[in-house]
Amino acid sequence: MKLPRVLSFDSSRVSLVEKNGQCVIVKKSLQREYTQMIEAQRHLCLNPIVIDGLTLRVVPVTNWDNKRELLTTIYCGGSNLEEYLRGCSSIDRVRLLSTLKHLLLAMKGTGFLWGDFAPRNIIIDWFNSIMWLCDFERKIVLRECPVSDVGFTRYIRNYSFEEFSSLLLIEDQNILFDGLFTEEFGKVAIENISSKRKKEILRRLFGNNDFYNLGQLCEVEDLMAFVATPL
Ligand SMILES: Nc1ncnc2c1ncn2[C@@H]1O[C@H](COP(=O)(O)OP(=O)(O)O)[C@@H](O)[C@H]1O
Ligand SMILES: [Mg+2]
């Protein structure tokens, strides 16, 4: 058994080990990831998401070692979606993208905004019909009500848009994103943008400002997704 060679994988932080006859993943992390995993799992228990027969679940946590800042989760086997998208047939890809689109709409409907929504952080166990989510380092937002169109647009554009674009041709991106984005108005403070790359492109294109129009931010995000897109 081995971990897939996904984008930005860091073997000095994440390792697959055997403990008491069970395969687990040990990850150098922060307490916040552990807390967010517990909160996300609780939210999914109260507001279950089942998409095309697959139940959405957080990979089971078995230990948080506060002193050494080590998170242990049970190794969950199945198709890692980054590997899957790189190697699957076009029929399987279209089917998966349709499932992911349904997933996004369900997340919007149930107020489940998982910050690390990227293909490499999703594993599908087809045999047991489970969609596992790993990686909860980025901020999650859990609501008791549906997310607004504007809020959801910002959520997807902020991170997942570029992450998925790097693995999908334009026509496949359209299957996933068409109809999800609404126009955004207003301003955003530079201090609220976490991506260093995004901040640098904003500065170079629009000057060194404390605030940028959301239209300008969208332009940069479109550019970044386009540059990442395989041609
Ligand atoms: N519990 C798990 N079961 C199976 N694979 C896992 C599990 N946890 C992590 N992985 C794999 O290890 C990779 C890195 O783990 P992740 O938590 O995403 O760390 P990072 O924050 O470095 O991205 C994931 O992309 C996934 O492929
Ligand atoms: Mg990850």
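This passage looks at how the two domains of the chain meet and at the nonpolar core they share. The structure is a predicted model, in which local features need pLDDT of at least 70 and side-chain atom pairs count only at pLDDT 80 or more, while totals for chains, interfaces and linings use all residues. Residues are numbered from 1 along each chain as its sequence is written, and chains are lettered from A and ligands numbered from 1 in the order in which they are written.

Domain 1 spans 1–145 and domain 2 spans 148–231, with bounds from an automatic or database domain assignment. Their C-alpha centres are 23 Å apart. The contact (C-beta atoms, placed from the backbone, within 7 Å) involves 17 residues of domain 1 and 11 residues of domain 2. On the domain 1 side, α2 (81–87) and α3 (90–110) each give two or more residues; helices here are DSSP runs of H or I with at least four residues, and strands are E runs of at least two, numbered from the N terminus. Helix α3 provides the largest share, eight residues.

Turning to the interior, the largest nonpolar core has 35 residues. Such a core is a set of buried Ala, Val, Leu, Ile, Met, Phe, Trp, Tyr and Cys residues joined through C-beta atoms within 7 Å, where buried requires 20 or more other C-beta atoms within 10 Å of a residue's own, all placed from the backbone. A40, L113, W114, W132 and L133 have the most contacts inside this core. Leaving aside residues up to four places away in sequence, W114 touches A40, L133 and I140. Helix α4 (149–165) gives the largest share of the core, five residues, and each domain supplies at least three.

How values were computed: Contact = placed C-beta atoms within 7 Å. Buried ≥ 20, exposed ≤ 12 C-beta atoms within 10 Å, placed from the backbone.
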